[in-house]
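New to this one? Take a moment to turn the structure around before reading on.

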Amino acid sequence: MSATQQTLRGRLSGIRFSRELVLLGVLLAELAVMSQLSPVFLTVGNLLNLSRFFVEVGLIALGMTLIIITGGIDLSVGSNLALVSVVVGFSYVWGLPLGAAIVLGMLVGLLAGLFNGLFSTLLGLHPLVVTLGTFALFRGLAYGLSDADAVSNFPAWFAYFGQAYLGPVPGQLLVFVAAVVVVWLVLSRTAFGRYVYAIGNNEEAARFSGVPVERVKVALYAGTGLLVALAAIIYTSRVSTARGDSGLGLELDVISAVVLGGASIYGGTGTVAGTVLGVLIIATLRNGLLLAGVPSTWQLFLLGVLLLAAVFVNEFFRREES
């Protein structure tokens with residue numbers, strides 16, 4: 001075999017086993033199928049409108065990607081979103097200027113994430129256990145503060161965060177793109193990003209190598225809390241309502257997108273590009289099935305099937321790479 005043939009074969013082999021290219025193929029196939037189920041699916045208006053609904057999941061999935069790469073998880077993100085939404089809405093109703101209420105909500109989201117990180121690292125508890133507890137804690141606080149009530153009398157300018165368009169492009173989509181760029185730079189171009197992968201591959205080895213494991217983990221959970229708070233502001237603005245049951249089931253979509261995007265539940269593997277494709281695949285699935293008139297119960301079933309398939313495919317890639 002000539003050197004040229006060997007090089008071409010190596011490149012084709014690399015393409016065949018690229019997670020991102022497989023995901024891109026899945027997305028394109030999904031677009032083709034959904035366009036057949038509904039004639040309005042591939043219209044520019046629907047695709048731009050679709051982007052308004054995946055931004056909240058996408059923002060949180062960016063933070064979740066880094067957490068899962070370290071071998072952790074955060075089950076409280078949906079509850080944290082509800083808590084931030086309630087804090088913003090009800091502090092405004094109770095007399096705080098809306099601008100200050102938004103800052104307070106961002107602070108609450110950050111502190112909730114910081115609490116998850118500190119509680120799991122200082123006590124040496126698995127994040128699954130800690131965030132399962134805060135899943136209930138934050139949701140309970142949201143229900144308690146709102147007293148099962150809702151706030152919807154926001155001033156007109158608040159709609160800018162979740163309903164504004166810059167030309168034909170939703171404003172929150174630009175926020176998501178900016179967040180993708182920032183997280184990608186952090187993960188792929190900084191020492192912090194190398195620490196994240198090192199912890200996921202072998203936490204003890206990373207610690208002996210001088211990686212500040214606890215500080216990195218705390219920073220990840222706090223940063224994810226901040227992204228949740230940003231998503232909560234956009235969500236509250238988009239639906240013009242703050243209530244305690246906001247974000248129910250959100251953690252399922254977030255974790256599904258990250259795992260579907262190639263992040264390993266064992267840690268050490270994951271990319272921002274993969275997560276973005278995972279978010280797009282899930283958003284496309286939900287939107288296409290909705291336009292086709294498929295009941296929400298079957299949408300949830302198909303999402304579960306998709307998640308199980310993603311776990312299987314990721315395990316296949318992990319064994320191929322080992």
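Here is a short tour of confidence, core, pockets and a few residues.

## How far to trust it

What you're looking at is a predicted model. Its mean pLDDT comes to 89, with 92% of the residues at 70 or more. One stretch to treat with care is residues 12-16, where the pLDDT drops below 50. Beyond near neighbours in sequence, residues 12-16 have two contacts in the model.

## The nonpolar core

Start on the inside. In soluble globular proteins, nonpolar side chains tend to end up buried together. In this model, the largest nonpolar core takes in 81 residues. Ile60, Leu62, Leu81 and Phe176 have the most contacts inside that core. Helix α3 gives the largest share of the core, at 13 residues.

Which residues does isoleucine 60 touch, if you skip those up to four places away in sequence? The list runs Val77, Leu81, Leu227, Val228, Ala231, Leu250 and Val254. So Leu81 turns up twice here: as a contact of isoleucine 60, and among the residues with the most contacts inside the core.

## The largest pocket

Now for the open spaces. The largest pocket has a volume of about 600 Å³, and 23 residues line it. If you want to find its centre, look for Phe53, Val57, Arg238, Asp253 and Arg286, which lie nearest to that point.

Four helices each bring at least two residues to the lining: α3 (44-69), α11 (213-239), α12 (250-260) and α13 (272-291). Sorted by class, the lining has 12 nonpolar, six polar and five charged residues.

## The second largest pocket

The second largest pocket holds about 270 Å³ of space. It has 14 lining residues, with Leu66, Val182, Val183, Gly223 and Leu227 nearest its centre. Leu227 is also one of the contacts of isoleucine 60.

Helices α3, α8 (171-189) and α11 each add at least two residues to this lining. The largest share, six residues, is from α11. What does the lining of the second largest pocket look like by class? It splits into 11 nonpolar, three polar and no charged residues.

## Two residues on α11

Helix α11 is worth a second look. Arginine 238 sits in it, and is one of the residues nearest the centre of the largest pocket. Is arginine 238 buried or exposed? Its relative accessibility is 16%, and buried means under 20%, so arginine 238 counts as buried. Leaving out neighbours within four places in sequence, arginine 238 is in contact with Arg52, Phe53, Glu56, Gly162, Gln163 and Gln172.

Isoleucine 233 belongs to α11 too, and at 5% relative accessibility this residue is buried. Away from its neighbours within four places in sequence, isoleucine 233 is in contact with Val84, Val88, Ile102, Met106, Phe158 and Phe161. Try picking out leucine 81 as well: the C-alpha atoms of isoleucine 233 and leucine 81 are 8.6 Å apart, although 152 residues separate them along the chain.

## One more on α3

Last stop: asparagine 46, in helix α3. With a relative accessible area of 11%, asparagine 46 is buried. Not counting residues up to four places away in sequence, asparagine 46 touches Val40, Phe41, Asn287 and Leu291.

Definitions and conventions:
Residues numbered from 1 in each chain as written. Predicted model: local features only at pLDDT ≥ 70, side-chain atom pairs only at ≥ 80, totals over all residues. Heavy atoms only, no water. 1 Å grid on protein atoms, 1.4 Å probe; cavity = no way out; pocket = protein on both sides within 12 Å on 5 of 7 lines; lining within 4 Å. Points joined across faces, edges and corners; volume = space filled by probe spheres on them. Nonpolar A, V, L, I, M, F, W, Y, C, P; charged D, E, K, R; others polar. pLDDT = per-residue confidence, 0-100. Contact = heavy atoms within 4.5 Å. Core = buried A, V, L, I, M, F, W, Y, C linked by side-chain atoms within 4.5 Å. Buried < 20%, exposed > 50% of the residue type's maximum accessible area, 1.4 Å probe, protein only.
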